[in-house]
Amino acid sequence: MTHTEKKELRSRSKNELKRNNILMSASKLFCELGFSATSMDKVAKLAGVSKQTVYSHFGNKDDLFVASIVCKCEKFELLVGSQQVEQDPKTTLEGFANRFISMLLSDEGIAIHRVCASEAKNNAKVSELFFNAGPKRVIASLSECFERFNQQNLLNISDCHCAAIQFVSMIRGEAVMRREYNTQIQLTADEINSYIKQSIELFLRGYGYSEPSQC
């Protein structure tokens, strides 16, 4: 590697660190203050960079909010990759469901839900940005996953988009409702795992999945 190449690599690494730091700071502020009260100035101050640096990475606050949502989806690996589709449907859905429920029940997941709910009436754009960056992308990825299982004759789904919505809605279940409403009694990890397994069995049975025979 030449001196110039090393210099460029160091520069890219520094830029990536700054970008990640800005994203972490923005996510923290969006969750704590909400969208409207979060400014690029506050993000820059918390990240320890100039406002110009924030704008150089993210053109505006909308872009920064979207990027923070995408980052959370990637952190919890909610976009189903081709390597996961090569597994059997039960294994794939169990992995996705556990990551999905972990994200929904996380402090960040609950906080961003409350932000969107509180600002939905006066600033519907926030909910739209969130839906397009998060749920819409996750549902589309899951739909593609189901289509591949269709092609492999492992499932028989006529409407993969509808099935994806059914699945994510089913997995949310009681645990997320209790967390969002902050009820006194929350479900245990064992209760959540049991519910997920039963839901997956019901879902797969409804779409014609058969367990592979054991030789």
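**Salt bridges, enclosed spaces and cysteines**

Lysine 28 is partly exposed, with a relative accessible area of 42%. This value, like those that follow, comes from a predicted model. The side chain of lysine 28 meets that of glutamate 32 in a salt bridge, with an N to O distance of 2.7 Å. Glutamate 32 is exposed, its relative accessible area being 52%. Both residues belong to helix H1, which covers residues 3–33, and they lie 4 residues apart, about one turn of the helix. Side chains of opposite charge can pair when their charged atoms come close. An α-helix has 3.6 residues a turn, so residues three or four places apart point the same way.

The structure holds 8 salt bridges. One of them joins glutamate 174 to arginine 178 through their side chains, at 2.7 Å from N to O. These two residues are placed 4 residues apart in helix H10 (residues 160–181), a separation of about one helical turn. Glutamate 174 is partly exposed at 38% relative accessible area, and arginine 178 is partly exposed at 25%. Elsewhere, salt bridges with shared partners link Lys72, Lys75 and Glu108 into one network. A further salt bridge connects the side chains of glutamate 180 and arginine 172, with 3.0 Å between N and O. Glutamate 180 has a relative accessibility of 16% and counts as buried, because the limit for burial is set at under 20%. Its partner, arginine 172, is partly exposed, with a relative accessible area of 30%.

Arginine 172 also borders the largest pocket, where Met103, Leu104, Phe130, Pro135 and Arg172 are the residues nearest the centre among the 30 that form the lining. The volume of this pocket is about 550 Å³. Two or more lining residues are given by each of H1, helix H4 (61–75), helix H6 (89–105), helix H7 (107–119), helix H8 (124–133), helix H9 (135–151) and H10. H10 gives the most, contributing 6 residues to the lining of the largest pocket. In composition, the lining of the largest pocket comprises 19 nonpolar, 7 polar and 4 charged residues.

A search for enclosed space returned 1 cavity of 30 Å³ or more. About 40 Å³ of space is contained in the largest cavity. Its lining consists of Ile101, Ile171, Arg172, Gly173, Glu174, Ala175, Leu187, Ile192, Tyr195 and Ile196. H10 and helix H11 (189–206) are the elements that supply two or more residues to this lining. The largest share again belongs to H10, with 5 residues in the lining of the largest cavity. By class, the lining of the largest cavity divides into 7 nonpolar, 1 polar and 2 charged residues. Arg172 thus appears in the lining of the largest cavity as well as among the residues nearest the centre of the largest pocket. Glu174, which forms the salt bridge with arginine 178, is also part of the cavity lining.

Helix H7, one of the elements bordering the largest pocket, was examined for its length. At 1.5 Å a residue, its 13 residues should span 18 Å, and the C-alpha atoms at its ends are 18 Å apart, in agreement with that expectation. Buried residues in H7 are Gly109, Ile110, Ala111, Ile112, Val115, Cys116 and Glu119.

The count of disulfides is 0. Cysteine 73 takes part in no disulfide, the nearest cysteine sulfur being that of cysteine 71 at 9.3 Å. Cysteine 73 is buried, with 5% relative accessibility. For cysteine 162, the closest cysteine sulfur is in cysteine 160, at 9.9 Å from its own, which is too far for a bond, because a disulfide requires sulfur atoms within 2.5 Å. At 30% relative accessibility, cysteine 162 is partly exposed.

Arginine 148 is located in helix H9 and is partly exposed, with a relative accessible area of 37%. Its C-alpha atom is separated by 44 Å from that of lysine 42, the two residues being 106 residues apart along the chain.

Note on methods
Residues numbered from 1 in each chain as written. Predicted model: local features only at pLDDT ≥ 70, side-chain atom pairs only at ≥ 80, totals over all residues. Heavy atoms only, no water. Salt bridge = Lys/Arg side-chain N within 4 Å of Asp/Glu carboxyl O. Buried < 20%, exposed > 50% of the residue type's maximum accessible area, 1.4 Å probe, protein only. 1 Å grid on protein atoms, 1.4 Å probe; cavity = no way out; pocket = protein on both sides within 12 Å on 5 of 7 lines; lining within 4 Å. Points joined across faces, edges and corners; volume = space filled by probe spheres on them. Nonpolar A, V, L, I, M, F, W, Y, C, P; charged D, E, K, R; others polar. Expected span 1.5 Å × (residues − 1).
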